[in-house]
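Reader: Hello! I would like to go through this protein with you and hear the reasoning behind each label. Could you show it to me to start?

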Amino acid sequence: QVQLVESGGGLVQAGGSLRLSCAASGRTFSSYAIGWFRQAPGKEREFVAAITSGGGRTNYADSVKGRFTNSRDNAKNTVYLQMNSLKPEDTAVYYCAAAVFPSPARFLGAMGATDWDYWGQGTQVTVSS
C-alpha cells in the first residue's frame with residue numbers, strides 16, 4: 001500500500017509555470033506507476049499524465065503534450081509534474097494516483113480514474129487570464 005500527498009498548487013497567471021509534487025510513503029513506491037488527474041468544478045476527473053515505476057516511459061493527454069513534463073525521483077519517493085505555458089482551462093484540482101501495471105500496454109491504456117488504486121487528496125491549481 002502507498003499513501004500519496006500532493007503539493008505545489010497555487011494561483012498563477014496564464015503563461016506561467018508551476019511544479020506539482022506527489023510525495024509517497026511506503027517502501028514499495030518504486031513498484032508503482034504514478035498518474036496525474038485533474039478535476040474542474042462540474043466536470044469529470046480527467047487524465048493528465050503518467051509515468052512508469054522506473055520512470056522510463058511517460059504518457060500525456062493531448063491537451064498538455066508539449067507543456068507538461070512528468071518525472072520521478074525514486075530515491076526521494078517523489079513524482080513531479082512540471083507545468084509550463086499554463087492556460088485558464090488548466091484550472092482544476094490536481095490529483096496523483098498510484099497503481100501497478102503488468103505491461104507497458106496496460107500502463108498506456110490506463111487513462112481512466114478506475115484504472116488507479118491509490119489517490120492523494122489533491123492540490124488546487126488556478127490559472128488567471
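Reader: Thanks! Which residue in strand 8 is the bridge partner of Ala23?

Author: That partner is Thr78. Please keep in mind that this is a predicted model. Ala23 itself belongs to strand 3.

Reader: Why is Ala23 called partly exposed?

Author: Its relative accessible area is 37%. Partly exposed covers the range between the 20% limit for buried and the 50% limit for exposed, so Ala23, at 37%, falls into that class.

Reader: What makes a residue a contact of Ala23, and which ones are touched?

Author: The cut-off is heavy atoms within 4.5 Å. Not counting residues up to four places away in sequence, Ala23 touches Gln3, Leu4, Val5, Asn77 and Thr78. For Gln3, the C-alpha atoms are 8.2 Å apart in space, with the two positions 20 residues apart in sequence terms.

Reader: How do you know that strand 3 and strand 8 pair, and in which sense do they run?

Author: Pairing asks for at least two bridges. Strand 3 (residues 18-25) and strand 8 are joined by 6 bridges, so they count as paired, and they run antiparallel.

Reader: What about strand 1 and strand 3: how many bridges do they have?

Author: They pair over 5 bridges, again in the antiparallel sense. One of the matches puts Glu6 opposite Cys22 of strand 3.

Reader: Which side chains of strand 1 point to the buried face?

Author: Leu4 and Glu6 do, along residues 3-7. Gln3, Val5 and Ser7 point to the other face and are not buried. In a regular strand the side chains alternate between the two faces of the sheet.

Reader: Back to strand 8, then. What makes you call strand 8 mostly covered?

Author: Strand 8 spans residues 78-83, and 5 of its 6 residues are buried. Buried here means under 20% relative accessible area.

Reader: Which way does strand 7 run against strand 8, and how many bridges join them?

Author: Strand 7 (residues 68-73) runs antiparallel to strand 8, with 6 bridges between them. Among the facing residues, Phe68 stands opposite Met83 in strand 8.

Reader: What is notable about the phi of Asn77?

Author: The value is positive, near 55°, in a residue other than glycine. Asn77 sits in the loop between strand 7 and strand 8, and their hairpin has 4 residues between the strands.

Reader: Which phi does Ser85 have, and where does Ser85 lie?

Author: Ser85 has a positive phi of about 50°, although it is not a glycine. Its place is the loop between strand 8 and strand 9 (92-99).

Reader: Why is Ser85 called partly exposed?

Author: Its relative accessibility is 41%. That value lies between the limits of 20% and 50%, so Ser85 counts as partly exposed.

Reader: And why does Arg67 count as buried?

Author: Arg67 has 9% relative accessibility, and buried means under 20%, so the label follows. Arg67 lies in the loop between strand 6 (58-60) and strand 7. Leaving aside neighbours within four places in sequence, its contacts are Gln82, Met83, Asn84, Ser85, Leu86, Lys87 and Asp90.

Reader: Stepping back, which elements does the protein have, and what makes you call it as compact as a globular protein?

Author: There are 11 strands and 1 helix, in the order β-β-β-β-β-β-β-β-β-α-β-β from the N terminus. The radius of gyration is 14 Å, close to the 14 Å that the globule rule gives for 129 residues, so the protein is as compact as a globular protein of that length. The C-alpha trace spans about 40 × 25 × 25 Å along its principal axes.

Reader: How much of the protein is buried, and how much area is exposed?

Author: Buried residues make up 44% of the 129 residues. The protein exposes about 6300 Å², with carbon and sulfur atoms supplying 47% of that area.

Reader: Finally, what share of the contacts links residues 24 or more positions apart?

Author: Among contacts with a separation of 6 or more, such pairs account for 59%.

Note on methods: Residues numbered from 1 in each chain as written. Predicted model: local features only at pLDDT ≥ 70, side-chain atom pairs only at ≥ 80, totals over all residues. Heavy atoms only, no water. Buried < 20%, exposed > 50% of the residue type's maximum accessible area, 1.4 Å probe, protein only. Helix = DSSP H or I, 4+ residues; strand = E, 2+ residues; numbered from the N terminus. Rg over C-alpha atoms; globule rule 2.2 N^0.38 Å. Areas by Shrake-Rupley, 256 points an atom, 1.4 Å probe, with all protein chains shown as cover.
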